[in-house]
Amino acid sequence: MQTIPAIDISPLFSPDHPDRQTTISQIGAACRDIGFLSITDTGVPEDLITLVRQSLRDLFTLDEQTKWKQAITRENYRGFIPFGFFTPNDGSGSADRYEGYKLHQEVMPGAPILKECALYGPNLWPETLPQVREQILTYWAELDRVLLHLLQALEINLDLPLNTLCACFETPMTNMTLLHYPPQNAQDAGFGIHPHKDTDALTIIAPDPVGGLEVQTREGQWITPNCPPGGFIVNIGDMLELWSGGRFVSTPHRVINRSGKERYSFPYFAVPRHDVIVRPLLPPLPGFDRPEVNTGHWSAEIWRTNWPDEDATNDTPKLGTLHS
């Protein structure tokens, strides 16, 4: 594919819809060929997306002192990410040109799963913007619903037993990053986010109207997804590529904001429960050879190696960084 297909997924919500199997086949074809698709008719209210985007504008216009009070730490990778803080995981290249706010699956203090894995915990929420928490969690729940229907479609594509993938997302490690990309000048080095592959299972994102996201085709060209208003861009991450034995492709992408405008983004990264071992569920395709990964360890290494002074080790799973 040289374009990102746009697919109406409303037939997924009705088991008896006459176009359901056609829609499932279209989703599978996109996941096998380019690993990206645009989805429409999801049932997510457009006014909710608008509210979340405005909340991001409010969040990133807070003064620096207020933001730094909730900065991420090594012990609690939640909260404000300063501008230019992160570089590619392999330590190469310029710092990425964004600031962010990291959120993880909302887990209350005292929840039993906290005893199983230290990576769970309550989020930090901006104290001066109380509406952000309610809006984000409402939006998050909507995408949780969409995710399960997409996973069911992928189970059918791979001829897997019902609930094989969906069961892995009970008490998941799903997370979101709220992002602000200032405009880049033509002479500015680096990227909004450097070319990379996502390390999750599936990413869902409401594209910013100013653009900037680019996807690499198998021929090495960079193309811009065309997503209809109110739709979402979805892409396969490394975990689903591994689960599928290489049938679904995790595709490089990047962000360059040369629009001259402020860009705001809030990707949703679907990650399984901490104790899920991700390994091929089908015989791997010829040439596909990737070791299994433990979701909790994978996630911990992703967050650890994001720090500028931390390096990957022999025990670090492949983290979506591209290698020549």
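This is a short tour of the structure, stop by stop, with a suggestion of what to select at each one. Keep in mind that the model is predicted.

**Stop 1: helix H1**

Start by selecting residues 20-33, which make up helix H1. Its 14 residues reach 20 Å from the first C-alpha to the last, close to the 20 Å expected at 1.5 Å a residue. Now colour Arg20, Thr23, Ile24, Ile27, Gly28, Ala30 and Cys31, the buried residues of H1. Look down the axis: these residues cover an arc of only 165° around it, which puts them on the same side of H1.

**Stop 2: strand S4 and its two neighbours**

Next, select residues 99-104, strand S4. How many of its six residues are buried? The count is six of six, so the strand is mostly covered. Turn the view to check each face of S4: Glu99, Tyr101 and Leu103 are buried on one side, and Gly100, Lys102 and His104 are buried on the other.

Add strand S3, residues 79-81, to the selection. S3 pairs with S4 in the antiparallel sense over three bridges, and phenylalanine 80 has tyrosine 101 as its bridge partner in S4. Then bring in strand S5, residues 175-181, which pairs with S4 over six bridges, again in the antiparallel sense. To find your place along this pairing, look for lysine 102 of S4 and, opposite it, threonine 177 in S5.

Before leaving S4, show the side chains of glutamate 99 and lysine 67. They form a salt bridge, with the closest N and O atoms 3.0 Å apart. Glutamate 99 lies in strand S4 and lysine 67 in helix H3 (residues 64-68), so the pair ties together parts that are 32 residues apart in sequence. Both glutamate 99 and lysine 67 are buried.

**Stop 3: more salt bridges**

A search of the whole structure finds twelve salt bridges. Go to arginine 53 and aspartate 208, whose closest N and O atoms are 3.2 Å apart. This pair links distant parts of the chain, 155 residues apart: arginine 53 is in helix H2 (residues 46-60), while aspartate 208 is in the loop between strand S7 (202-205) and S8. Are these two residues buried or exposed? Arginine 53 and aspartate 208 are both buried.

For a contrasting setting, select aspartate 275 and arginine 273, whose side chains meet in a salt bridge at 2.7 Å, N to O. Aspartate 275 is partly exposed, with a relative accessible area of 39%, and arginine 273 also counts as partly exposed, at 22%.

To finish this stop, display Lys197, Asp238, Glu241 and Arg290 together: they are linked in a network of salt bridges.

**Stop 4: rings**

The structure holds seven aromatic pairs. One of them joins tryptophan 140 and tyrosine 268, in an edge-to-face arrangement with 6.4 Å centre to centre and 75° between the planes. Why does this pair bridge separate parts of the chain? Tryptophan 140 lies in helix H4 (residues 131-157) and tyrosine 268 in strand S13 (residues 268-270), so the contact ties together parts that are 128 residues apart in sequence. Tryptophan 140 is buried at 4% relative accessible area, and tyrosine 268 is buried at 0%.

Now select Tyr139, Phe232 and Phe266, which ring pairs link into a cluster.

Two arginines deserve a look here as well. Arginine 145 lies over the face of phenylalanine 13, at 5.5 Å from the ring centre. Arginine 254 lies over the face of tryptophan 222, at 4.0 Å from the ring centre.

**Stop 5: a four-stranded sheet**

Last, display strands S6, S11, S8 and S9. They form an open sheet in the order S6-S11-S8-S9, with antiparallel pairing. Which strands stand at the edges? They are S6 (193-196) and S9 (222-223), each with a single partner strand, so one side of each is left without a neighbour in the sheet.

Zoom in on strand S8 (residues 213-216) and strand S11 (residues 253-255), which run antiparallel and are joined by three bridges. Leucine 213 makes a good marker to label, along with valine 255, its bridge partner in S11.

Methods. Residues are numbered from 1 along each chain as its sequence is written. This is a predicted model: local features need pLDDT of at least 70, side-chain atom pairs count only at pLDDT 80 or more; totals for chains, interfaces and linings use all residues. Side-chain values use heavy atoms; hydrogens and water are left out. Buried means under 20% relative accessible area, exposed over 50%, partly exposed in between (1.4 Å probe, protein chains only). Helices (H or I, at least four residues) and strands (E, at least two) are DSSP runs, numbered from the N terminus. Two strands pair if DSSP finds at least two bridges between them. Rings of Phe, Tyr and Trp (its six-membered ring) pair if their centres lie within 6.5 Å; planes under 30 degrees apart count as stacked, over 60 as edge-to-face and the rest as tilted. A charge sits over a ring if NZ of Lys or CZ of Arg is within 6 Å of the ring centre and within 35 degrees of the ring normal. A salt bridge is a side-chain nitrogen of Lys or Arg within 4 Å of a carboxyl oxygen of Asp or Glu. The expected span of a helix is 1.5 Å times one less than its number of residues. The arc is that of the directions from the helix axis to the C-beta atoms.
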